[in-house]
Amino acid sequence: MTAFKPGLTVRAIRPVIAGLEALGHSVDSLLAEAGIPASILADLDGYLPAGSSRKLWERAVAIAKDDCLGIHVAMAAPVNAFDVHAYAMLSSPTLSGALYRVCRYQRLINEGTELTLEDDGGDGVLRHGLLGGGAVSRQPAEFLAVTWLRLGRMVTGTAWSPVQMFFAHDRPADTRPHEEIFGVRPNFGSGFTAMRIPAATLALSNPRADATLAALLDRYTSTLLDKRPTLTTVSGRVRSWLVESHGSGPPLARDAARALAMSERTLHRRLADEQTTTRRHGIAEVAFLLGYSEMTAFYRAFKRWTGRSPAELRERALSD
């Protein structure tokens with residue numbers, strides 16, 4: 001059986017390309033130097049060659065001679081370049097709903113990363129990272145953070161700011177562009193990319209919300225996600241059991257093994273043989289599949305079941 005390998009899709013660079021063009025940069029040579037055939041840009045769900053996105057950013061920064069290129073590209077990119085993610089956010093009823101959808105759709109962009117909106121003492125923490133626990137490099141991290149903020153402000157029609165902003169990379173020589181955009185002084189060298197958003201801000205409504213369009217986009221993206229490479233056999237049966245048993249108590253490995261008529265040790269071995277991990281679906285996607293319309297409700301239920309957040313339990317499982 002071919003193991004599932006996380007991949008980066010064209011959706012990740014389409015707004016980057018559009019933003020560079022809007023800033024007046026020619027992208028043909030950049031694409032060639034990054035090893036990205038221009039022909040694949042027509043397929044949003046096509047996979048990029050390994051390492052090509054990193055090379056694209058490196059060459060773009062060198063040619064533009066812009067230390068804050070990620071910020072400037074995020075602000076310059078046409079909204080339609082963000083495709084379904086932008087339309088889903090702009091049709092959501094609240095800012096929290098908009099960010100929740102972005103988390104759900106993350107796997108359409110990069111199957112090797114995860115975006116979560118966690119409840120932390122009432123505030124929401126929007127956090128992005130690699131599945132192995134690391135963080136993306138500076139330019140794409142700043143591009144993503146500004147994109148969340150820009151589209152989030154469009155959702156509410158207000159110039160809201162996070163109360164805290166975190167970046168994994170070291171502090172740049174000039175942080176004035178960051179402070180101007182985010183409205184706060186970011187914490188650099190934190191080891192992760194995240195923004196803390198007050199509960200009152202998350203509750204801000206969208207005056208242009210469209211529930212019908214939001215539901216349509218949910219169905220559309222669910223279809224796209226279902227087409228992603230999947231693992232089969234035991235892992236597929238476990239996923240079915242999780243859906244069927246939802247609501248009957250905390251999902252435990254021993255109960256799954258019993259339902260599949262095998263020992264718990266055999267279950268773990270078979271899942272390992274299939275190279276299955278809990279990273280196959282993002283936390284937001286799991287919450288949606290289990291019927292939760294808001295991430296905060298899922299987090300509260302999960303902590304009530306296990307005493308830990310989904311992210312904490314996942315990291316512990318991966319380290320065991």
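**Exercise 1.** In this predicted model, determine whether Arg138 is buried or exposed, and describe its surroundings.

*Solution.* Step 1: Arg138 has a relative accessible area of 17%. Step 2: Buried means under 20% relative accessible area. Step 3: Arg138 is therefore classed as buried, at 17%. Step 4: As for its place in the fold, Arg138 belongs to helix 7, which covers residues 138–156. Step 5: With neighbours within four places in sequence set aside, Arg138 makes contact with Asp67, Cys68, His169, Pro172 and His178.

**Exercise 2.** Cys68 is one of the contacts of Arg138. Establish whether Cys68 and Cys103 are buried or exposed, and state how many disulfides the structure holds.

*Solution.* Step 1: The relative accessibility of Cys68 is 7%, so Cys68 counts as buried. Step 2: Cys103 has a relative accessible area of 4% and is likewise buried. Step 3: A search of the whole structure returns zero disulfides.

**Exercise 3.** Identify which residues touch the most other members of the largest nonpolar core, and which element supplies the largest share of this core.

*Solution.* Step 1: The largest nonpolar core has 60 residues, of which Leu20, Ile36, Leu56, Leu99, Leu126, Phe182 and Met195 touch the most other members. Step 2: Helix 7 provides the largest share of this core, with eight residues. Step 3: A second core, separate from this one, has seven residues, including Val84, Ala88, Leu108 and Leu225.

**Exercise 4.** Name residues in contact with Met195, leaving aside neighbours within four places in sequence.

*Solution.* Step 1: The contacts of Met195 include Leu126 and Phe182. Step 2: Also among them are Ala145, Trp148, Leu149, Trp160 and Met165.

Methods. Residues numbered from 1 in each chain as written. Predicted model: local features only at pLDDT ≥ 70, side-chain atom pairs only at ≥ 80, totals over all residues. Heavy atoms only, no water. Disulfide = S-S within 2.5 Å. Buried < 20%, exposed > 50% of the residue type's maximum accessible area, 1.4 Å probe, protein only. Helix = DSSP H or I, 4+ residues; strand = E, 2+ residues; numbered from the N terminus. Contact = heavy atoms within 4.5 Å. Core = buried A, V, L, I, M, F, W, Y, C linked by side-chain atoms within 4.5 Å.
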